[in-house]
Every structure is written in structure tokens, then in C-alpha cells.
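Biologist: Could you take me through one part of this structure slowly, as you would for someone in their first year? I'd like a close look at the sheets and at what packs around them.

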Amino acid sequence: MIDIKKLNFNYGNKRRPLFRELDCQINAGSIVGLLGKNGAGKTTLLKLMIGLLFPDGGTVNVNNYEPGKRQPAFLEDMFFVSEEFYLPGISIANFIKANADFYPRFDGALLQRLLKDFELPETESLQKLSYGQKKKFLICFALSTKCRLLVLDEPTNGLDIPSKSIFRRILAGALDEDQLVIISTHQVKDVENLIDRIIMLDSGQFIMQKDLFDISSRLHFSTSSTAEGDDILYSEMVPGGYKVITSQANGSSSVDIELLFNAILNGNEKLKSYVQ
Ligand SMILES: Nc1ncnc2c1ncn2[C@@H]1O[C@H](COP(=O)(O)OP(=O)(O)OP(=O)(O)O)[C@@H](O)[C@H]1O
């Protein structure tokens with residue numbers, strides 16, 4: 001679905017390129033979490049994938065299209081929910097009327113269901129909605145397009161606690177097997193148990209590209225009263241003890257993405273061989 005080869009990119013005003021020789025393949029049928037520190041280049045990478053920015057070297061291929069060419073057949077099959085967005089001063093119903101036809105697989109019945117789940121009023125002017133309500137509307141619309149590529153930049157930013165649970169439920173339930181969702185986020189707790197692959201960016205490189213299943217079959221995440229022990233690969237103090245990562249020996253555990261992220265960014269050498 002997405003094939004990135006030797007991607008180089010520089011904003012032009014920077015001495016060092018942001019990306020150097022990035023390679024990445026992502027298949028349809030998955031929800032991918034794109035993680036990285038502030039400024040690592042997550043939004044930039046997403047924009048390169050959807051053709052809002054152009055590579056300086058190498059290639060980006062999505063569904064056999066070169067995104068930068070912005071061909072109609074490519075654009076009608078991808079939807080980008082940006083972190084910052086503008087919505088016009090028209091009602092939800094009129095927005096749907098004006099935009100749904102751009103997407104051949106648009107599912108109006110699904111949209112009505114999702115709007116109900118998020119309790120969004122169809123008659124309300126989009127500009128009168130709060131930031132979180134606007135975000136929820138865009139997420140609903142994105143899912144209803146049924147585009148094969150859905151790119152969500154910080155989708156849970158601005159969502160209240162119940163809406164985050166609804167987001168997880170509807171995302172898990174509204175996808176078809178030929179779709180790919182890429183979620184860039186700092187709110188890793190919001191996407192835990194939802195994403196099935198992690199891609200981590202740091203200093204212009206991918207420092208991890210791994211399926212959650214692979215990680216959970218090789219690493220074990222738990223809490224412990226001590227951080228001492230030969231089998232402990234990484235630990236972090238928390239109230240009442242430690243969160244620890246050990247090599248997998250005692251059954252599967254769910255992956256603590258935040259702990260893993262900190263461990264990898266701290267350059268934990270012991271862990272590297274498990275996640276590369
Ligand atoms: N339009 C631009 N012109 C010049 N430099 C830019 C531009 N947009 C982003 N950058 C720079 O590129 C780098 C990556 O930015 P980007 O927004 O892709 O990071 P990010 O990982 O999405 O960050 P965050 O987590 O803070 O949203 C940063 O150093 C940023 O200053």
C-alpha cells in the first residue's frame with residue numbers, strides 16, 4: 001500500500017536534512033501508530049505520503065500513485081485529518097452534500113451512525129462547534145469516506161474522555177480489510193490496543209518499525225517492586241514500584257507503548273536487538 005524508498009527531505013532553510021534515506025513499507029489492513037518526539041518530522045512524513053510535500057530524493061508510492069502528482073484517482077481514495085484545520089460556516093448536512101460525492105466509496109449510513117455515536121447535531125453550523133466537536137466531525141467524515149488510506153494527525157487531541165473511548169470503538173469497528181490508517185500521536189494511551197504496528201521516527205531515521213504482535217511475543221511489560229534483576233531490560237520508577245520490560249518468558253502481556261518509547265529513545269542498547 002505505502003512504499004517509501006530512500007526518501008530524503010529538507011525544508012530548504014535547514015542545514016541538516018530532516019529525513020535521510022528513509023525506507024518503509026506498510027500494508028493495507030492495519031492501523032499504524034507513527035511516534036516521535038516534537039519536531040521529529042511526523043507531520044512532514046504524513047504530508048509527503050499524501051502529496052502536500054515533495055521528496056528531495058527517493059520515492060513515495062501509495063497504492064501505485066506518486067502522491068505529489070495529486071491525481072484525482074489518488075485524491076478520492078485518501079483522507080487526511082490534519083491537526084489544524086478549517087471548516088466552513090455551513091451545517092454538517094450541507095458539508096456532507098458538498099463533499100461526499102468526491103469519495104466513490106462514501107457510506108452515508110455509516111456517517112449517520114458515527115454522528116449519533118458522537119452526539120453531533122447535523123443542523124448545527126460547523127463554525128459554531130467547539131474544537132473537539134469539529135475534530136469528531138472530521139473523524140466521522142474521514143471514516144465514512146471509506147478511503148483506502150486514512151491519515152490522522154493527533155486525532156484524539158481535544159477529545160474529552162468519553163469521546164476517546166468512542167473514537168477507539170468506532171475506529172476498530174468501521175474499517176475494511178483494504179484500508180490503512182496511519183495515526184500520528186503523542187497520546188499513546190489513546191491508541192493502545194488499537195494500533196497493530198508502530199513506526200518510530202528520531203533524528204531523521206526510523207528507529208523502529210515493528211508489529212505489536214512481534215513486540216509482545218518478544219518482550220514482557222509488567223510492574224515490579226524492584227528494578228534489580230538480570231532479565232530486566234529497562235525500568236522506570238512509578239509510585240509504588242517500577243514499570244519493567246523483560247524478555248518474553250512468561251506469557252504474553254499487552255505492550256506499554258509509552259514505556260517502550262522512552263526505552264528506545266533513551267538509547268537502550270539491550271532492547272535494540274529485540275525491536276529491530
Ligand atoms: N513549513 C516549514 N518550514 C520549515 N521548517 C518546518 C516547516 N514545518 C515543519 N518544519 C520543521 O521540520 C521539523 C519537523 O516538523 P514536524 O511538524 O514534521 O514535526 P512533528 O514530529 O510533527 O512535531 P510535533 O510532534 O511537535 O507536531 C521541525 O524542526 C520543524 O521546525
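**A close look at the sheets and the core**

Modeller: Sure! Let's start with an open sheet of 6 strands, which go in the order β5-β6-β7-β3-β8-β9 with mixed pairing. Keep in mind as we go that this is a predicted model. Look at the two ends of that order: β5 (78-81) and β9 (205-211) are the edge strands, and each has a single partner, so one side of each has no neighbour in the sheet. The sheet isn't flat either, as neighbouring strands are turned by 15° against each other on average, if you ignore direction.

Now zoom in on the β9 end. Strand β8, residues 197-202, pairs with β9 in the antiparallel sense, over 6 bridges. If you want a spot to click on, try Arg 197, which stands opposite Asp 211 in β9. Something lies across this part of the sheet, too: helix α9 (residues 257-265) crosses β3 (30-36), β8 and β9, and runs at about 35° to β8.

Next, the greasy part. The largest nonpolar core has 66 residues, and the ones touching the most other members are Val 151, Val 181 and Ile 183. Helix α5 (residues 131-145) gives this core its largest share, 7 residues. Domain 1 (2-203) and domain 2 (212-275) both contribute residues, so the core lies between the two domains. As a rule of thumb, nonpolar side chains in soluble globular proteins tend to be buried together.

Pick out Val 151 and see who it meets. Skipping its neighbours within four places in sequence, Val 151 is in contact with Leu 46, Met 49, Ile 50, Met 78, Phe 80 and Ile 182. Two names there take us back to the edge strand β5, which spans 78-81: Met 78 and Phe 80. Three others, Leu 46, Met 49 and Ile 50, sit in helix α1, which covers residues 42-50.

That helix leads us on to another sheet. Helix α1 lies across β1 and β4, and runs at about 120° to β1. Those strands belong to an open sheet of 3 strands, in the order β2-β1-β4, with antiparallel pairing. Here β2 (19-26) and β4 (57-62) are at the edges with a single partner each, so again one side of each is left without a neighbour in the sheet. From one strand to the next, the twist averages 15°.

One last pair to find: β1 (residues 2-9) and β2 are joined in the antiparallel sense over 5 bridges. Within that pair, Ile 4 stands opposite Cys 24 in β2.

Key:
Residues are numbered from 1 along each chain as its sequence is written. This is a predicted model: local features need pLDDT of at least 70, side-chain atom pairs count only at pLDDT 80 or more; totals for chains, interfaces and linings use all residues. Two strands pair if DSSP finds at least two bridges between them. Helices (H or I, at least four residues) and strands (E, at least two) are DSSP runs, numbered from the N terminus. Axes are lines fitted to C-alpha atoms, for helices over the stretch in contact, and angles run from 0 to 180 degrees between N-to-C directions. Two residues are in contact if their C-beta atoms, placed from the backbone, lie within 7 Å. A nonpolar core is a set of buried Ala, Val, Leu, Ile, Met, Phe, Trp, Tyr and Cys residues joined through C-beta atoms within 7 Å. A residue is buried if 20 or more other C-beta atoms lie within 10 Å of its own, exposed if 12 or fewer, and partly exposed in between; C-beta atoms are placed from the backbone. Domain bounds come from an automatic or database domain assignment.
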